[in-house]
Amino acid sequence: MTTVDHLRQVRLGNLRTVLLALVDRPGSRADLAARTGLTKATLSNLTEPLLANGILLEEPAALTGMGRPSKPLRFHPDGPVAIGAEINVSHLAVETLGLDGETLQRHLVPTDIRKATPDEVLDRVAELINQISGPRKHLGVGLAIPGVVHDGVVVRAPNLPKLVGVPLAEGLGRRLGLDVELDNEANVAALAHLWPHHLAGEDFVHVSADVGIGAGVVLNGEVYRGVSGFAGELGHVVIERDGVRCTCGSRGCVERYAGLDVILREAGRRRLDSLQKALDAGDPKALKAVRDAGEALGVGLATLMNLFDVPTVVLGGSYAVLHEHLSAAVQSEMDGRVLAGGERHTRLVASPLGEFAVVRGAAGLVTRRAVHQPERLFA
């Protein structure tokens, strides 16, 4: 490495440090110097191009105590944004996210895409993205799907077989003229609870359901993916050896007992909002459907808890909506099956992000990459 290359790497490293500090919270140059260990001169040198390019904004001077008034730096309200998109069995969702983690616009459209062709799906996603895209610079797109992905291609998706082998990232990127990063929906939902702020600690499992069930496993503040990207496939943990046939080819998988479509069918309801109303009204059929699903989910989660020994389970997506009526059955099964002590060891909480965790995490893929690779901000 030449001296010039070394200096460039040092500068990018310092720039990354400053951006990460601003993701945490805005601050004056003096405050940032104290938080990062960089000198005020270095900070001025680093922040000037960010200000000039509309990435940062310096607020008017304000007197906060003794000494000179401070001028807080923060991400510009009209600065670059990331786009998140989710393709799921029963809905499509899109969101725009600022570098500060603020959601600007989001849209979720219920739709069954199982019979749609890949081109029809991508056209619809591109249309939704164009509807929420404004004049601000776009850093790229994070695209989430309930399946195992590799190099922008879906390699396994039991509930969306038509999308297997399709270069979704390339296809959407071509339609939008933007870089697209494809990832598993359970993993990005877990990421949404890590970036830009930790919402569930450093070690947890985030589990959510549509037709399938996905779990994102977080260990030491990082999403654990496994060697081939299959880690967290909770929906295909077998809880009944000779049980119901699953779309994956096995029998007795958790999702055949606790997936959202199963809950709705057993409750005699077609939509989640209708189910919620029935539960609030004390409908016995709806209550039983959710309780049965919670018991099945608790058995599957106990297996994960015994394997990974994490302190928190975050119920997301439809499970977050159903948390009030679902959690008791889940907790009861975990109490009796988790070796470390069930409720005394494992917290069961509803995600504050609800059904938008996946699409927010997909956008977070892009903002996190931009902060960690700051050269992308000037491309």
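Let's start at Gly282, just after helix H9, where phi is positive at about 80°. Keep in mind that we are looking at a predicted model.

Now step back into H9 itself, residues 272–280. Which residues of H9 are buried? They are Leu272, Leu275, Gln276, Ala278 and Leu279. Looking down the axis of H9, you find these buried residues within an arc of 160°, so they line one face of the helix. As a reminder, an α-helix has 3.6 residues a turn, so residues three or four places apart point the same way. Turned away from that buried side of H9 are Lys277 and Asp280, both exposed. And what covers the buried residues of H9? The cover includes helix H8 (260–267), helix H10 (284–308), helix H11 (318–321) and helix H12 (323–337).

Let's follow the chain into H10. At its start, Asp283 has a side-chain oxygen that comes to within 3.3 Å of the backbone nitrogen of Lys285. H10 has 25 residues, and from first C-alpha to last it reaches 35 Å, close to the 36 Å expected at 1.5 Å a residue. After H10 comes Asp309, again with a positive phi, near 55°.

H10 also brings us to a sheet. Five strands make up this open sheet, in the order S12-S11-S10-S13-S14, and the pairing is mixed. Strand S12 (222–224) and strand S14 (347–350) are at the edges with a single partner strand each, so one side of each is left without a neighbour in the sheet. On average, neighbouring strands here are turned by 30° against each other, direction ignored. Strand S11, residues 213–219, pairs with S12 in the antiparallel sense over three bridges, and Leu219 has Glu222 in S12 as its bridge partner. H10 packs on this sheet and touches strand S10 (204–209), S11, S12 and strand S13 (312–315), with its direction at about 155° to that of S10. H12 is here too: it lies across S13 and S14 and runs at about 165° to S14.

Now, please turn the model to the other sheet I want to show you. This one is also open, with five strands in the order S5-S4-S3-S6-S9 and mixed pairing. Which strands are at the edges? Strand S5 (103–110) and strand S9 (180–184), each pairing on one side only. Neighbouring strands of this sheet are turned by 15° against each other on average, direction ignored. Helix H13, residues 357–372, packs on the sheet and touches strand S3 (81–87), S4, S5, strand S6 (138–145) and S9; the direction of H13 makes about 145° with that of S3.

Let's walk across the strands from the S5 edge. Strand S4, residues 91–98, pairs with S5 in the antiparallel sense over seven bridges, and Ala93 stands opposite Leu108 in S5.

Further in, S3 and S6 are paired in the parallel sense, over five bridges, with Val141 in S6 as the bridge partner of Ile83. Is S6 mostly covered or mostly exposed? Mostly covered: seven of its eight residues are buried. In a regular strand the side chains alternate between the two faces of the sheet.

Finally, S6 and S9 run parallel and are joined by five bridges, and here Leu143 has Leu182 in S9 as its bridge partner. That's my tour, and I'm happy to go back to any part of it.

Conventions
Residues are numbered from 1 along each chain as its sequence is written. This is a predicted model: local features need pLDDT of at least 70, side-chain atom pairs count only at pLDDT 80 or more; totals for chains, interfaces and linings use all residues. Side-chain values use heavy atoms; hydrogens and water are left out. Two strands pair if DSSP finds at least two bridges between them. Helices (H or I, at least four residues) and strands (E, at least two) are DSSP runs, numbered from the N terminus. Axes are lines fitted to C-alpha atoms, for helices over the stretch in contact, and angles run from 0 to 180 degrees between N-to-C directions. Contact means heavy atoms within 4.5 Å. Buried means under 20% relative accessible area, exposed over 50%, partly exposed in between (1.4 Å probe, protein chains only). The arc is that of the directions from the helix axis to the C-beta atoms. The expected span of a helix is 1.5 Å times one less than its number of residues. A polar contact is a pair of N or O atoms within 3.5 Å; within protein, one must be able to donate a hydrogen and the other to accept it, and residues adjacent in sequence count only if both atoms are side-chain atoms.
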